Each structure stands twice: as C-alpha cells, then as structure tokens.
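Biologist: I'm new to this one and would like a close look at a single part. Could you pick one helix, walk me through it, and then show me the rest of the fold around it?

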Amino acid sequence: MALVSPAGRIEPACLERGLRVLKSLGLQVETGANVLKNFGPFAGTDAERLSDLQAALDNPEIRAIICTRGGYGSVRLIDRLNFTAFMQHPKWIVGFSDITVMLSHLQQNLGVASLHSCMPQTYPDVESPDYLNSVGTLQKALFGNSLVHRFRNQSLNRPGSVTAPIIGGNLSILYSLRGTPTDIDPTGKILFIEDLDEFDYHIDRMLMNLQRGGWFERIAGLIVGTFTQIKKGANPYTRDVWEIIGSYVSPYSYPVCYGFPAGHVPFNHALYMGIPACLDVENSAQSISQLTFYI
C-alpha cells in the first residue's frame, strides 16, 4: 500500500507513527516521494502532490492508498488525475475530511467504493481505548471484512431500517462540491455527514444548500456523525447542531441517527463508502442501533 499527502502538510513524527501502526498490521508500506514536502498549507506544490497520487493510482502492485491527513488541497488535484490505470486495477482510497473530495469523485464518476476512515495524522496510540474502534475497524475494512457498528441511541433518533449504499463525509466539503462534476447524486442513498470547527450559522447555511438542492427529500436515510468544536456566532442559535439538522429532515420518514462514532474524533469508525449497508435505528434507551456492512 502507499501513503500519500494530497492535501495538508504532515509532521514527520505523525508520519512515523502512522508507518509504525500500518506495519504492525502486517502491511507493506511505501511512501510517496513528496509525502513530507511543505508548500504553504499544502504537502508540497500541486504538481508534487499530484505526482505522488498519480503514481500510486497507476501502480498495479499497490492495493490501497492511504492519505496521511486532510486539511485542504485535494480539490486542486481531482480534475488533473488520470484514473485509466486505476480502473484496470482498482484499490482502496482511504481518508476522511478533505479526502471527501476523492471519495465522492470515485462514487459519482467511477462507481468505485472507498473507505472513510482514520489517517496517520489522527491514529490514536495503541494503548488508547479508541485504537480498536479506529485503526481496528480500518484493518478489517482493508482486508475486505464485514463491519458491524453498534452505537448508543439518542432521543432525537428517528427509528427505522433501510439498506442502501452510504455516501457523504465532511459536510463542508460536500457543500463545496455542489454544482461541480464531483457533486454526488444522493438519490436512494444513506447520507453520512460530520464536521469540525464551524460556526452554527454556517452549518445551517450548508444544510439549507442541501435542502434547496433536493437532497433531504431524495435520500433513504441519514447518519449524523460527530460535529466537533462547533462555534457560536455573534448571535448564537437557540438550537444545537442536532436540532438544526432535525429541522431539515422532519418532513420525511426515513431513519435518522445522531452521534454516530465517526468524524474528527479519536474513535473514528471506518465506513465503506458506496457499498450497501443496513442501518437499523432505535431511539429507546434499552436498545442499541446498528450499522452493518455485508461484504
């Protein structure tokens, strides 16, 4: 497998930790030639980042491409990538946050599944109780195993069951892709959203964009991941993020779950994107909700 940096710059110590973790899983790892480059906020110039990613896409011996971190920068590369060799030898592309650009492009334009999962920048320590939830589920997914995520119910959950492919990722990235060739079709899909370090009014603005685009009336279910470090605007909302989201999906009847353990948190559970999953949502304190991928 290959480690590349298509977006933000990663510190050497984080990269070394990532290499140790991946090798401990029994993986053979090679790193892109420019993986540690710095160019402003980016891991090298566009040309350098593009070169590493294209080389990994083209190499038939590479079975997975793990992005070292998010940040910003993937969208600057997406239209310059050539996926011809990749389609002859498809492989997992792994990441989240800014890497939502890549995951969405694969689903919308190529019909190829991917992995929304932790990256070396965010790997918890082996001793951490979050290790099995994040790196452990990544390991299972990389080797094509079924994933079963059981998670705590929330009172705002809307019960129900649905089986459909999962799409989505970081809400800010999905919003930024609207109207572009990478804008994903949500029809009949389970939408997953999460975000980090946004103002409450900006969350509402992005959700309004999805509503006006018909997303919430076309999806088959909604999984709300973690919304971390959400900030109050000068005139704060009287509702929290979950309540804001709930106001947009209230007219519909599909299952909705809140607080799914994935996003910008140490317990970032891996998700197969573009592969059908069964979402069973409960809202009673005595029950447990479940998301199951059958591979």
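## Helix 4 and its surroundings

Modeller: Let's take helix 4, which covers residues 100-110 and is mostly covered, with eight of its eleven residues buried. Keep in mind that this is a predicted model. The buried residues are Thr100, Val101, Met102, Leu103, Ser104, His105, Leu106 and Gln107. For reading a helix like this, a handy rule is that an α-helix has 3.6 residues a turn, so residues three or four places apart point the same way. Right after helix 4 comes Gly111, with a positive phi near 65 degrees.

Now step back to strand 4, at residues 92-95, which runs parallel to strand 3 and is joined to it by three bridges. One of the pairs to look for is Ile66 with its bridge partner Val94 in strand 4. Strand 3 also pairs with strand 1 (residues 2-4), again in the parallel sense and over three bridges. There, Val4 has Cys67 of strand 3 as its bridge partner.

Strand 3 itself, residues 64-67, deserves a moment. In a regular strand the side chains alternate between the two faces of the sheet. Here Ala64 and Ile66 point one way, Ile65 and Cys67 point the other way, and all of them are buried.

Ala64 turns up again at the largest pocket: along with Met1, Leu27, Ile62 and Arg63, Ala64 is among the residues nearest the pocket's centre, out of 16 that line the pocket. About 400 Å³ of space lies in there. By type, the lining has eleven nonpolar residues, four charged and one polar.

Further along you'll find an open sheet of seven strands, ordered 6-13-12-7-8-9-10, with mixed pairing. Its edges are strand 6 (147-152) and strand 10 (256-258), each pairing on one side only. From one strand to the next, the twist averages 25 degrees. Inside that sheet, strand 8 (residues 190-196) and strand 9 (residues 221-228) run parallel, joined by six bridges. To find them on screen, look for Leu191, which stands opposite Leu222 in strand 9.

As for the whole protein, there are nine helices and 13 strands. Buried residues account for 56% of the 295 residues, and the C-alpha atoms fill a box of roughly 50 × 35 × 35 Å along the principal axes. The radius of gyration is 18 Å, which agrees with the value near 19 Å that a compact globule of 295 residues would have.

Key: Residues numbered from 1 in each chain as written. Predicted model: local features only at pLDDT ≥ 70, side-chain atom pairs only at ≥ 80, totals over all residues. Heavy atoms only, no water. 1 Å grid on protein atoms, 1.4 Å probe; cavity = no way out; pocket = protein on both sides within 12 Å on 5 of 7 lines; lining within 4 Å. Points joined across faces, edges and corners; volume = space filled by probe spheres on them. Nonpolar A, V, L, I, M, F, W, Y, C, P; charged D, E, K, R; others polar. Buried < 20%, exposed > 50% of the residue type's maximum accessible area, 1.4 Å probe, protein only. Helix = DSSP H or I, 4+ residues; strand = E, 2+ residues; numbered from the N terminus. Pairing = 2+ DSSP bridges. Axes fitted to C-alpha atoms, helices over the stretch in contact; angles between N-to-C directions. Rg over C-alpha atoms; globule rule 2.2 N^0.38 Å.
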